[in-house]
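Please look at the sequence and the 3D structure shown here, and then read the notes that follow.

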Amino acid sequence: MSNRDNRLDNWFKPFEAERNPNAIAIVRIAFFTGLLLHFAPSLLWLDIGYGRGAIRVDSWNHWLFSHLWKVPPGVVRALSIVTLLAIVAGIAGLRPRIAAIVAGLGCYVFASWNAIHLQTLALVPAWAMLLLWSICGGGSGALSVDARLLGKRRDREPGLLGSLILYQVLLAVWFSGVEKLLAGWPLSNEMGIVLAYPKGFIVRDWVAALPVLHGPVVSNAFTWLTLIVELGAPILLLVRRTRMIAFIVYELFFLGIVAMLEVPPLFYFIFASAPLLALDDDQLATLRRAVSPRRRARG
Amino acid sequence: MTKLRRGFIVTWLVLGLAGALNHTIADRVFGGTVDLKLPHLQYGYVMFNQNPTRVPVFTFARGDGERRDLSDLDPRPAPGYARARATVDATLAPTYLRDLCNRALRSADDEITIHIDGYDVLVDNQNPAISSTVKCDVKPR
């Protein structure tokens, strides 16, 4: 094997090496659960968003937006049921590639048909993950119907799906930081504006009611913390020596966001679960011991 | 197979990066963005990189006059973010408010008033700077 081949193999190793199936299984369950929480209300109360004469907004595919209003209500109901079943199959880990293809097509069609009650930027990584899952398949080697009932349990899984999902999510986090940097966050106190929002607009009630959060010192600290975490954590998660501390800071950051701001569960489930894919076997075992008191006692 | 897989990996990485640059650098350097077709490359990653300082808060009241969150009018749940959901929906389509109002009427003599309180958070985040209402009922005019 030549040096060039070796270099290439090394470069592609994170995408081609096998990995622990538990991390991707947790990401699968979190992601499809987020998708279910996000889409089920619109797909169950179908008449409000997809009945004749419904107020609609075009945010994704214009062709679908323009043409689907002609579809008969019975077909719409059937489409919604198939989409929801596919999402549930994704959670359960029953043929996740097929589940992702059907759920992805269904969710994209419904979001294009009417963005009201569905539109959120968390759909951007969601489309990427559904597309990746449809192309790569996998993610059901553990914690799944495939593993328990269909005899597909695996000790290792191909790493491609997990690595590309990790790339996609960390890219989104890092470029969120870049966008904020370019928008002048270091020279302004943008978090001061967010924390000053009145009760009923984006912030949770306890944030609106807690004066200590509204002062310039605390809000400036939050502005800088946001920049530091978004620009630093995605890089530090890729370095083994700094990975665990970056993981903890990253998780606390997203926990802070969901505790302080009214954001869709889909957003939290995608962004909080994906960094598990950065952890190697030893780090996953450490994490497992830390969150499981029984294992900690045994250890 | 290896070449195909590696080709896919490189394509995915490059497209992801191109999409991210498209919504950050391209707009500033070239004054516009390119349509990269794929749905996950259609938007940037930040909803508010410059946060609005004038914001609306939506509430409604029935005949008893008690103010409630607008999201209570929408039967579709939005777990953990119902008010933000209603606010985003009302911002996406102004007619959504009237639609919501009309759907929520319970009887021929029911009436609902939606209150829109606009706050300028840099001036006063406790008292609205401007207020308006949308009223709906089924009484003939």
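What span should the 23 residues of helix 9 of chain A have at 1.5 Å a residue, and how far apart are its end C-alpha atoms? The expected span (1.5 Å times one less than the number of residues) is 33 Å for residues 160-182, and the end C-alpha atoms are 32 Å apart, which agrees. This is a predicted model, in which local features need pLDDT of at least 70 and side-chain atom pairs count only at pLDDT 80 or more, while totals for chains, interfaces and linings use all residues. Residues are numbered from 1 along each chain as its sequence is written, and chains are lettered from A and ligands numbered from 1 in the order in which they are written.

**Helix 9 and the core**

- Helices (H or I, at least four residues) and strands (E, at least two) are DSSP runs, numbered from the N terminus.
- Because 19 of its 23 residues are buried (20 or more other C-beta atoms, placed from the backbone, lie within 10 Å of a residue's own), helix 9 of chain A is largely enclosed by the rest of the structure.
- The largest nonpolar core (buried Ala, Val, Leu, Ile, Met, Phe, Trp, Tyr and Cys residues joined through C-beta atoms within 7 Å) has 110 residues, and helix 9 of chain A gives the most to this core, with twelve residues.

**The sheet of chain B**

- An open sheet of four strands in chain B has the order 2-1-3-4, with antiparallel pairing (strands pair if DSSP finds at least two bridges between them).
- Strand 2 (67-69) and strand 4 (130-137) of chain B each have a single partner strand, so one side of each is left without a neighbour in the sheet.

Terms used. Buried ≥ 20, exposed ≤ 12 C-beta atoms within 10 Å, placed from the backbone.
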